[in-house]
Amino acid sequence: MAAQTDKLHIDVWADVACPYCYVGKQRLKTAISRSGHQEEIELELHTFELDATAPKEPAEIASYTAQKMGVSRERALEMDRRVKGMADQDGLPYETERIHANSFDALRLLQLAKQHGVANELMSRLQRSLFSGRRDTYDHAAMTASAVDLGIPEDEVRTVLAGDQFAAQVRRDQQAALRLGATGVPFVVLAGRYGVPGAGTVQSYADAIRTAWENR
Amino acid sequence: MSDKYDPLEPLELLPDAVEGYCDLETGKCVTSPLSADDKS
């Protein structure tokens, strides 16, 4: 459970590659900014590796999804266009012609970013890069540049990306979500009591924040 | 960390809020409510 404080603690489980995490987190941040309690809300990011079978080398997302799910490429694109419609409404860049690759190194880097208090910022940068269609999002050089730009010492970033540091923390985050009953991401827990599985609307997040705030 | 995320009582889920999610078991991302096509 979240510590009993005057603040409202919100935990978010997400993967860089998860489109609904990209949309949902933006909506949650909007709801927080409109809540009137922005300064009293703590948003804590937790990593979740959605696709451990994803290739190290980037693949084209629609073809990858089609093959993995056993649907046509056009069908995979059609499903992705629905999320694009949501992203468009929220003013988020979203390209259906983008890459997909293994996100584990990015998630380990996010654990380092968490130690430096910039995990939410790094997640936003990585997702904006990925969903904008940049093909180098998962390249170590690109991730290093993003992390360093947020103030993380370059030697720490390089050490993490060169080895397997924080792998255990990524796994622990994942197990924590499963223990809480998560069946999908994004997975949001407010005040350690209220769970929102999946991406909600700004209004639904606002309602959840109000409920959690009044009962924290 | 384990103490923090082991609530004594189950979470109160707010499923009405869900517009879409990525399934943890399959990795598939679907729009809610699920359509028959999404389940294919």
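Modeller: In this predicted model, a residue is called buried if 20 or more other C-beta atoms lie within 10 Å of its own.

Biologist: Why does A:Phe166 count as buried?

Modeller: A:Phe166 has 23 C-beta neighbours inside 10 Å, and the cut-off is 20 or more; therefore A:Phe166 counts as buried. The residue is found in the loop between helix H7 (154-162) and H8 of chain A.

Biologist: What makes the phi of A:Phe166 notable?

Modeller: Most residues other than glycine have a negative phi. A:Phe166 is not a glycine, yet its phi is positive, at about 75°. A:Ala191 likewise has a positive phi, of about 55°, without being a glycine.

Biologist: Where is A:Ala191 found, and why is A:Ala191 called buried?

Modeller: A:Ala191 is found in the loop between S6 and S7 of chain A. Its 21 C-beta neighbours inside 10 Å satisfy the requirement of 20 or more, so A:Ala191 counts as buried.

Biologist: How do you know that S7 of chain A and S1(B) pair?

Modeller: Pairing requires at least two bridges. Strand S7 (residues 194-197) of chain A and S1(B) share two bridges, in the parallel sense, so the requirement is met. The bridge partner of A:Tyr194 in S1(B) is B:Glu12.

Biologist: What makes S1 (12-13) of chain B an edge strand?

Modeller: Strand S1 of chain B pairs on one side only, as does the other edge strand, S2 (41-47) of chain A. The open sheet has five strands in the order S2(A)-S1(A)-S6(A)-S7(A)-S1(B), with mixed pairing.

Terms used: Residues numbered from 1 in each chain as written. Chains lettered and ligands numbered in written order. Predicted model: local features only at pLDDT ≥ 70, side-chain atom pairs only at ≥ 80, totals over all residues. Helix = DSSP H or I, 4+ residues; strand = E, 2+ residues; numbered from the N terminus. Buried ≥ 20, exposed ≤ 12 C-beta atoms within 10 Å, placed from the backbone.
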